[in-house]
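Please open the model in your viewer and keep the selection tool at hand, since each stop below begins with something to pick out.

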Protein chains: 8
Amino acid sequence: MEERELEHLLRQVQEGSVGVEEAMAHLRTAPFEDLGYARVDHHRAIRQGAGEVLFGQGKTAEQIGGIVEALAAKGAYNILITRMNEEKAAALEGRFPMRYDPVPRLAVAYPREIPLVGSVVVASGGTSDIPVCEEAAQTAEALGSQVIRLYDVGVAGLHRLLSKVDTLARARVVIAVAGMEGALASVVGGLVDCPVIAVPTSVGYGANFGGLSALLSMLNGCASGVSVVNIDNGFGAGFLANRINQMKGVEA
Amino acid sequence: MEERELEHLLRQVQEGSVGVEEAMAHLRTAPFEDLGYARVDHHRAIRQGAGEVLFGQGKTAEQIGGIVEALAAKGAYNILITRMNEEKAAALEGRFPMRYDPVPRLAVAYPREIPLVGSVVVASGGTSDIPVCEEAAQTAEALGSQVIRLYDVGVAGLHRLLSKVDTLARARVVIAVAGMEGALASVVGGLVDCPVIAVPTSVGYGANFGGLSALLSMLNGCASGVSVVNIDNGFGAGFLANRINQMKGVEA
Amino acid sequence: MEERELEHLLRQVQEGSVGVEEAMAHLRTAPFEDLGYARVDHHRAIRQGAGEVLFGQGKTAEQIGGIVEALAAKGAYNILITRMNEEKAAALEGRFPMRYDPVPRLAVAYPREIPLVGSVVVASGGTSDIPVCEEAAQTAEALGSQVIRLYDVGVAGLHRLLSKVDTLARARVVIAVAGMEGALASVVGGLVDCPVIAVPTSVGYGANFGGLSALLSMLNGCASGVSVVNIDNGFGAGFLANRINQMKGVEA
Amino acid sequence: MEERELEHLLRQVQEGSVGVEEAMAHLRTAPFEDLGYARVDHHRAIRQGAGEVLFGQGKTAEQIGGIVEALAAKGAYNILITRMNEEKAAALEGRFPMRYDPVPRLAVAYPREIPLVGSVVVASGGTSDIPVCEEAAQTAEALGSQVIRLYDVGVAGLHRLLSKVDTLARARVVIAVAGMEGALASVVGGLVDCPVIAVPTSVGYGANFGGLSALLSMLNGCASGVSVVNIDNGFGAGFLANRINQMKGVEA
Amino acid sequence: MEERELEHLLRQVQEGSVGVEEAMAHLRTAPFEDLGYARVDHHRAIRQGAGEVLFGQGKTAEQIGGIVEALAAKGAYNILITRMNEEKAAALEGRFPMRYDPVPRLAVAYPREIPLVGSVVVASGGTSDIPVCEEAAQTAEALGSQVIRLYDVGVAGLHRLLSKVDTLARARVVIAVAGMEGALASVVGGLVDCPVIAVPTSVGYGANFGGLSALLSMLNGCASGVSVVNIDNGFGAGFLANRINQMKGVEA
Amino acid sequence: MEERELEHLLRQVQEGSVGVEEAMAHLRTAPFEDLGYARVDHHRAIRQGAGEVLFGQGKTAEQIGGIVEALAAKGAYNILITRMNEEKAAALEGRFPMRYDPVPRLAVAYPREIPLVGSVVVASGGTSDIPVCEEAAQTAEALGSQVIRLYDVGVAGLHRLLSKVDTLARARVVIAVAGMEGALASVVGGLVDCPVIAVPTSVGYGANFGGLSALLSMLNGCASGVSVVNIDNGFGAGFLANRINQMKGVEA
Amino acid sequence: MEERELEHLLRQVQEGSVGVEEAMAHLRTAPFEDLGYARVDHHRAIRQGAGEVLFGQGKTAEQIGGIVEALAAKGAYNILITRMNEEKAAALEGRFPMRYDPVPRLAVAYPREIPLVGSVVVASGGTSDIPVCEEAAQTAEALGSQVIRLYDVGVAGLHRLLSKVDTLARARVVIAVAGMEGALASVVGGLVDCPVIAVPTSVGYGANFGGLSALLSMLNGCASGVSVVNIDNGFGAGFLANRINQMKGVEA
Amino acid sequence: MEERELEHLLRQVQEGSVGVEEAMAHLRTAPFEDLGYARVDHHRAIRQGAGEVLFGQGKTAEQIGGIVEALAAKGAYNILITRMNEEKAAALEGRFPMRYDPVPRLAVAYPREIPLVGSVVVASGGTSDIPVCEEAAQTAEALGSQVIRLYDVGVAGLHRLLSKVDTLARARVVIAVAGMEGALASVVGGLVDCPVIAVPTSVGYGANFGGLSALLSMLNGCASGVSVVNIDNGFGAGFLANRINQMKGVEA
């Protein structure tokens, strides 16, 4: 039941053309869920201020294109398409404006310059983690966060990380991306006092069991202020980092 | 090398009593680690603004007491002692001012009223999760966050959670605590647009494998904006929630 | 917003004492969740027709007693209390009418004779599975199902099971309870054409890993018509079995 | 020993052409197993009323074709072939009447219109779960159940699910299909009072470990009335749902 | 239906007092399962020649005593009771003749001297494995096998094992019992040409995960002629070893 | 040191051309391992009476060919080559006499008719298990055992297995091959009184985790007299079954 | 066959009292294993120079006492007894000279001052890891290594570790002991260029799964020069560290 | 801050053109990390004496080529490139001097003859382990260690290993490489008294779970002096073995 309908019903009650019992029966059976849907949906749209996000994996290029165009028709821009392979990206090229980066397999459709605010640092253990890092970084950027990249600062060469302590110290949020033993999250967590989002990656071999070693390591990290997202979930980290980065100040 | 020593050395260079080469040799071999130690340590002290935290498990009452008193001697207050059983709490009673709650096995030593700001909601699936919830809630409170408790709003009775949507919507951070299937985190994540910290608990039996089911569920949650801490890690969630809650507003 | 309030509001609109805009504002902000709560809750009460269920583990005797009395005050009877140890049962003795069986650690508070209908067969592999079997059987009985027990009919002595084929064939639902290799579910599933609910138990040692062997076995069973509940979850099986057993006939 | 043979033997005893001892020797050595085979087999055919089912995976097109034709020769129709890839389906095209859907990789050979009764709802968390959903839905349909599809009603957008509460409430059985965190089963389980069959899917990545996260989540679900089948086992869920849906009413 | 009944029925047919149709109806509904039961059961009794076995764990002393006496009443002797703790053994003392060894928690009720034949070697890696070894050894002895014990011949001190090569070479079956890395089974398997039964034990700590390390090691062993039983399943190994040891010679 | 050398040395001592100390130094440093090697190796050759076995996987056709020819040059025949794909088999065709079966990927080089003795039954749960079954069966046959195949007698259709009880009862060894829930081993174990070798297969999907479900099921089986080999290890089962089948009779 | 016997035999051959064939038969059947035993055993004694080691867990105080005295009778000293609880230690007190430390549950029987050489650094993440650290440290000391303890230098407070870089740099071997995320091993491995032995501990809770998180982390560490021992295996690390520390210099 | 800058600053202080306070401010804010970086880096270069190592997997041929040339420009030689497939090796051919072995997928760029010292033995269980063995062996050789290869000495044919005891006894370090049950490490560990580095490999099938069986086996090995690296990590073992092999002698 949309607001117009509700208004119309109440006016009928007011005018006497619809009785109270009839109106109540109407209201009682009106799918509140749709109201709920509208309300929540509306809230989402308003509150998030962010473009919509599509999980590209498991959707055809045609499906992706259709959804993007539908969203754009409603005014959406900076629409993120995650986990879209190069083939699908090529198929969509020219259909609508789109920036695509094959490294994180991420596209931004109907890209628009928006002001980038705050400071999200994306730190990574090794060069193999860069696809996940870029998924995080470009997600946060598309949603309006300024991002600083600190790649290849793994803990086995601590000096590389220590030389960037000042950069870390100025961050509002740090995303620590690491595979193998995933120790970066703990070390970074001990160096900064802002929230740290740890992203385990499936980089490695043998007893890393598809990222399990980094995941467990990060969950058990001894530094406070660190939380963890799913293995290789760069998008999730970037999305959450932007959300935290964009926070308004607390009031007493 | 402390600052006094450095000043002394430079003065000697200025005065000509120490040559440049000699000074360089001195500086080169000066243990930068100690400088680093001091600097970082100092930063921690200043930045965190929070009371110190002691992990009580695996420490004797005597050790805990000693550390707390040493911290208090340096001016610390609202010192959190986590995972301390009732026996140790009893042993410490009367030695210094301390508030102890046996449910989360948490103490606040040298408690002091501090203004509580912002809004952290702690939501839980069932009554058995309350010890973990309280560890999270009381940690955040001891660090200065205002906390609202929404207990027993598990997803199997969705109406309980939905009746609190407004409370959730006003939160700056939500901590979702759940054992068994851990679905609460996803459902809450879909209802709010603030950061959600998910805490899997070991509550359950059989194929929950000590909290693994809730942990995996939360890591794989399909709602954006959710991150996860270790199983039963109420303290970690409360600490991080306070950190996010206390954030200053972003500047463009 | 309860119906009375809604009726009152509509009457005010009808009478003109409240304007359409004001009424709409009221309706828009009225917590639909509470309506939802009431509705769903009401439905649960009406539809299930079953007594309430309390998970006794992790609750004190005092808490259990309080909840039971509150439910009874609203007219509930045959209230199931699961996983309650003997100590708590003893503490509650005499406080209200209650039947308690220490084997499945199950109580029925305010017990009342109700007609038992249909046919639920509970079959078990070995005598050690009996506590789980009884939890299932007594749950189904308390909810109104007639239950037939076929214990100790494990597959290593097939003749024991085969001698009961007729009993199995007349069941409306079969609950197959087995630990160790959990093969009973598949074998039973191949013998009957009614729904089979498989309950893996943690009975065994070594590579059964707390019931994992039976759980995986049952999930991979090659007989159609079998589904699985959590390890040792006799209650869940009994509850579901009763629900299926009580089904009304399908209409074309 | 078929009935004709038995009758013939008894007539010979009656006529005196075969003595009692000879008949007993005959009966004693008659392979009761074959009688058993026939009987059970016969019962299966009669009781299930359903077409036969072939697990297509691991069989050649030639083997599948042979078995289907043999079954059809005995009068079977609506013969389900599960997990058959497009290549094999193409190889069989034209050999006999067959409806094939590449999404669930499911075929119905010798399809025949049968009346669809009752109501099975297939609800899914996301669009990637659709192949498993369709395997469930088309299985149930081929066996005679009326199926309603509620796709993409995952818990991260609760309003989508809540807007369908009435549809759920009218179901005789609900199949809840979900990957990732698998929370759909619990949420649905809390909304309805009919049996719910949960199907975990392998959809996801990282710490979902091939469907393990959804599987454990569903097994640990806190809603009563839910049971679980193997990961991606749409067929199993559809088969069982039909069996429950087709149940006759219980008698007191 | 027992043979007498069948004979009676056939005689009635012969005499004409029962018609063919009536006899067929009788035969058709006669519970073949009971025939099956009797037959199989009888076979077990005759073929195994071995005393009965009771799994003592999870049974009360009273239950154990009752079963043992019932078996003895039917003439059984050398009745094995496995996994019975000292408390239960003490409770049964004096009730009937029984030999009890607390190390393997094994009793032989109504013990009787029987000739010990063949040769079963039980080899173990370390002294901590001895309880499992003794369960195997005493089981095989109670069933009639001659057993030679080679304890503490683990692979880290290869000379200890090599000094017993001749003993191993003369065995008809070897039981290799080892915890930790379980390498004994492979090494023994390479030294002998008789069947080797490997028993992983839960002895160890850390990454042995309750015997998993030895179990996997033994399953992956590169020596041919080795098979594995459950972790700590000394009884199973002893039972199978006796069965192999007692085999009659093959005929061409 | 070969025997000739030893004899020569001793003769030199006898003749006085080599002193005792010199001889001792020689003997002390003589690599006893080589003697050991020869001895053990010789024993293997003599005792096993079986052709040699090559694990073909991971070896090139050229390597396999070379080893086979070297063995044949020493008189070996019926040389088993396991896990050799069709490509390698084709590359070796014509080089020497060889029988190859692509189903179990097994070859017998220099095949020779040998008398087949005893009775090994290979029983399987489903048709997908046949490659593993054939690896077991053809291995046992190549080593001299008579093999009876009972395929597709899975426990979900018990009548198929029960109709073959007599065949099972006459076996000297049974190999039970099954994937999915692996229940066949327990059921067979309860029907026979000869040794049963259980082979879990990786056939299945979802929560079978590459054969883990069948493996755990078989290890936890409640029937005595069953042992287990590695997942899909048909060769190991066939080799061991032949070893048991060929046993000479025990002597008192 | 001991050397005396061999010499005697050769002399007999020399003297002609024993023929060549007879001598060969003797030598051929002489149990080479015993020679092997003696040789290897002797080598062990000579080469290791270290006291014997007893794994105290699973042995009675009486057994431990007996073995220690037997070893001492042969001249052994500094005999290590690992994993011996306080009760057993108390039972042995006064029986022979022994130093016992309850923290690592480690005793040194017949202690003797030996020169401590080289430099083994034992570094630990937290205070809860100290029992494992002390097992490592005291083991290395008892075997003759000089040990430096760096406790509580976990990576979450990097300054603590960095302030000890010089100490680490002078070590010949570093033992890195850490639970939880086990990151210490990688960080230390990046700071030093000597061998690093990583010891995961079971310290932690939740998703550390008894030390699995630290174990996997350490195995996947990205620093070269690190190897790992079993969870909580302080003894193993200390033993190996001493072995490496005591190495003689390499020759070109 | 480089040394030149520091010298310049001090000269300015000496000359009076910069005051002490100004210099201190400068030094205080000078990024000590860069000094740290230089120092540590420098130390690494000097101490390790080894060529640099590149992990080739996940880098393009172009990236590898660039890094190698940059290193060579600074004087590096014997630069190891690990896990580089043949395609990339072919792409780099001719660009600079490089030795490539496709078996371990290992290249040495700018190869130079260096003296090989000490003795590292690489022992392997089977021929399939050779790629991992060669990665270990060629790594150690490139870094300056003399390597002896003992391949195919698995424990199922103990004589092969025992015939090489002397070779093992002369090693300064042994690398034991084995898949499947990984028993080689324990057996070798019991035969030698030098450090043993165990490398589990993923060779095997079924319940080896990608190398897990060998890994757990090696971690639980009962021989002292053994430590473990990641599954298939030949490089790590070779690197560590060289480090230990090259050790200088301990001083009292």
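Select chain A and chain B together: the contact (heavy atoms within 4.5 Å) takes 39 residues from chain B and 39 residues from chain A. This is a predicted model, in which local features need pLDDT of at least 70 and side-chain atom pairs count only at pLDDT 80 or more, while totals for chains, interfaces and linings use all residues. Residues are numbered from 1 along each chain as its sequence is written, chains are lettered from A and ligands numbered from 1 in the order in which they are written, and side-chain values use heavy atoms, with hydrogens and water left out.

The area buried between chain B and chain A, that is, the accessible area (1.4 Å probe) that the two parts lose on being put together, summed over both, is about 3,400 Å², and carbon and sulfur atoms give 57% of that area.

Next, colour the side of chain B that touches chain A by element, where helices (H or I, at least four residues) and strands (E, at least two) are DSSP runs numbered from the N terminus. Elements giving two or more residues to this side include α3 (32-48), β5 (117-124) and α11 (234-245) of chain B, and the largest share, six residues, comes from α11(B).

Finally, move to chain G and select Gly126(G), which is found in the loop between β5 (117-124) and α6 (130-142) of chain G. Gly126(G) counts as buried (under 20% relative accessible area, 1.4 Å probe, protein chains only) because its relative accessibility is 17%. Add Val155(G) to the selection: Gly126(G) and Val155(G) are 29 residues apart in sequence and 9.6 Å apart in space, C-alpha to C-alpha.

Note on methods. Buried < 20%, exposed > 50% of the residue type's maximum accessible area, 1.4 Å probe, protein only.
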